[in-house]
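Student: Could you take me through this model, one question at a time?

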Amino acid sequence: MFVLCACTAGPRNESTSHPPLEWGGDAEGGAPFVEADASDASKVRGFDVEVAEMIARGLGRSPQFVQVAWSSIEASAERGDFDIAMSGVEDRPALRARRAVTIPYFEFREVLAVRPADRDRYRKLADLAGRKVATLGSTMAYDLLLDGQKKWGVVPVSYDDDVHPYGDLLAGRVDAVLLDHIIAERSLRRTPGFVIQPEPVAIGYYVGVLAKGNTALRDSVDEILRARMRDGSLEKSFRAWNVWDDSEAKHFERVLSAVPAPATGSIARASSMSTIGSYVPSLLRAAGVTALLSILSMAIAVSIGLGVAAGRIYGGPIMRGLLAAYVEVVRGTPVLLQLFVIYYGLSGVVRLPAFAAAVIGLGLNYAAYESEIYRAALEAVSRAQLEAARTLGLSEAQIFRLVRGPQALRLALAPMTNDFVALIKDSSLVSVITVVELTKQTAIYATNTGSWVIPGILCAAVYLAFSLPLSRFARRLERRWSAA
Amino acid sequence: MSAALTIRDLVMKRGSRKILQGVNLEVAPGEICALLGASGAGKSTILRAVAALERFTAGRIDIGDFSLGPGPLPRESRLRPLRKRVGMVFQAHSLFEHLTAIENVTLAPVHAHGVTHARALDDAAVLLDSLGVAHRSDAYPRELSGGEAQRVAIARALAPGPMILLMDEPTSALDPARRGALGATLRALAEQGRALLIATHDIEFARAYADRMVELSEGIVTA
């Protein structure tokens, strides 16, 4: 796992009796949660950072930040990559069942953001039947949208970050965004142009997460958090980060008087999503998306690849140069970058739907690789075969279609099959532009269940179900053709 | 009778090397002309020049009223009359590996000469039968013996109906019995009025079946 370490409170405590308190968070989440200090990227700041510092001080230890991807935070805590995770981790019944979880130290509201013109039309989720609503994948908000999909036909759109949902709201790609009020307010400050509906869709809580067996440390942390609620330290920190309001004061009162926090029905239902039975239909849907995406992308890759290869063999110097440049640029840059450029970069010119952008992006990327396979295969067809065809009176186009192409296809079949299998796996990259395919759906499920074992096995089984028959089919075809 | 094929003062240079140095040659309809000579004498090069597969430096080749001159090869569309009149059988037969014997034979008539598929199939069946390989119609080239492959290649070259047949080393992969059968086949083709120009180093075969032998040495006709 990709882990970066950075100290947040001076030099690391060298004492063996008081090792530093390692706490995990994702600095990519940004302020006010955890963000890298602009003046020193090795340091982090934010209210989660300050909560972690309070806990460390209370334990007589120094805090040590451990960078971890937000989607992996729970699994990393269980692995023991750090002592506690504090990074806007949402409290959920399923999480409590799997891990040691602290008392909720912050109450947040899931709020809808809409374009000003829709302020009166889309006040709550039920108003968004048939409309696209964006959010971060693997979150309580995403579960709420899945619930809304069943109840009212809301169309959930999952993002890997919390910036692009608001950009796409303003661009008209989605009709609303459902996220934590802190994120919504931060985005409004950065990119004005939308409104936040005052009525929350649900209430949620941020908690610290520890490995399941680490209840002793969790209990100590709970005591420290209660003490900091009582002495006003937490309130001071939250005020400093501009996230304190009346509802937070009431939440503190409830926690300190040990009144259970009100759970919303939506959150409880969200946890029920974490069963295998409920996952299978969504897995199959996502597998369908992966299959369709891969087939369409490969069709584009084959068609364009063939054209590029033919152009590089038969074309004039200018065409050959342009096509060679296309191949080198595409092969020399990451496919992720290409997907971002097509989906976000070109949105000012052409606003492609996410699935179409994914198909085009993968198709154009793989076309470059396919073209090299076809070029090599076409050039491998012997000159004698081409001359024989020429003496029979076939035109160059006919020779390509009837003699050279079919013979090259046989040579290209094995590498083409390899590429198709690779494309099926690479299709998982398109989740960065909001397409929920097999791997993304699996990641969502794994986050919900807190384990990659069953989701990983199911996901691998589906990928193998795609790739193994394909390889067998290619081998059979090769045998048949070589027998010919 | 006027010649089916006339080659005048044919010169071919590759860089400073002269491959053909003024070859003159005529082949009449119904005649089998054997080009003899050691490897590198220029036999195959003459066939390739006649089939418009290689440009030449000077001279002229006449096939009926169609002429080839020196310089760059004409576009394929301008070579259509030549392709209709001249068939070529390559040394390694060069049958299309992905097509069956009969598909090899019907390919050109259907796609290059506008014959219907049904008609091409009938004609191909007759050709393969006349060459004794009708029973191998559905075999792929790699399933054919050397002799069978060569006869299919002859059928393929004859399918567009050429009056001139060029053959490059036709006996190189044949045992003596097959050479005899091939010779008989070539005689039959000549008797139908075709002109045959055969590049071979097999003097025995040439003596037995050719009407005329032309000896080449270092790009010059010596006998």
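Tutor: Here are short questions and answers on a sheet, a helix, an interface and a chain. This is a predicted model: local features need pLDDT of at least 70, side-chain atom pairs count only at pLDDT 80 or more, and totals for chains, interfaces and linings use all residues. Residues are numbered from 1 along each chain as its sequence is written, with chains lettered from A and ligands numbered from 1 in the order in which they are written.

Student: Which strands are the edge strands of the sheet E6-E7-E8-E3-E9-E10 in chain B?
Tutor: Strands are DSSP runs of E, at least two residues, and helices are runs of H or I, at least four, numbered from the N terminus. Two strands pair if DSSP finds at least two bridges between them. The six strands form an open, mixed sheet. Pairing on one side only are E6 (86-89) and E10 (220-221) of chain B.

Student: Which residue stands opposite B:Ala34?
Tutor: Strands E3 (residues 32-36) and E9 (residues 212-217) of chain B run parallel, joined by four bridges. Opposite B:Ala34, in E9(B), stands B:Met213.

Student: Which element gives the largest share of the side of chain B that touches chain A?
Tutor: Contact means C-beta atoms, placed from the backbone, within 7 Å. On that basis, 20 residues of chain B are in contact with 18 of chain A. Helices H2 (80-85) and H3 (101-112) of chain B each give two or more residues to this side. The largest share, four residues, comes from H3(B).

Student: How many helices and strands has chain A?
Tutor: Its C-alpha atoms fill a box of roughly 95 × 60 × 45 Å, taken along the principal axes. Chain A has 18 helices and 14 strands.

Conventions
Two residues are in contact if their C-beta atoms, placed from the backbone, lie within 7 Å.
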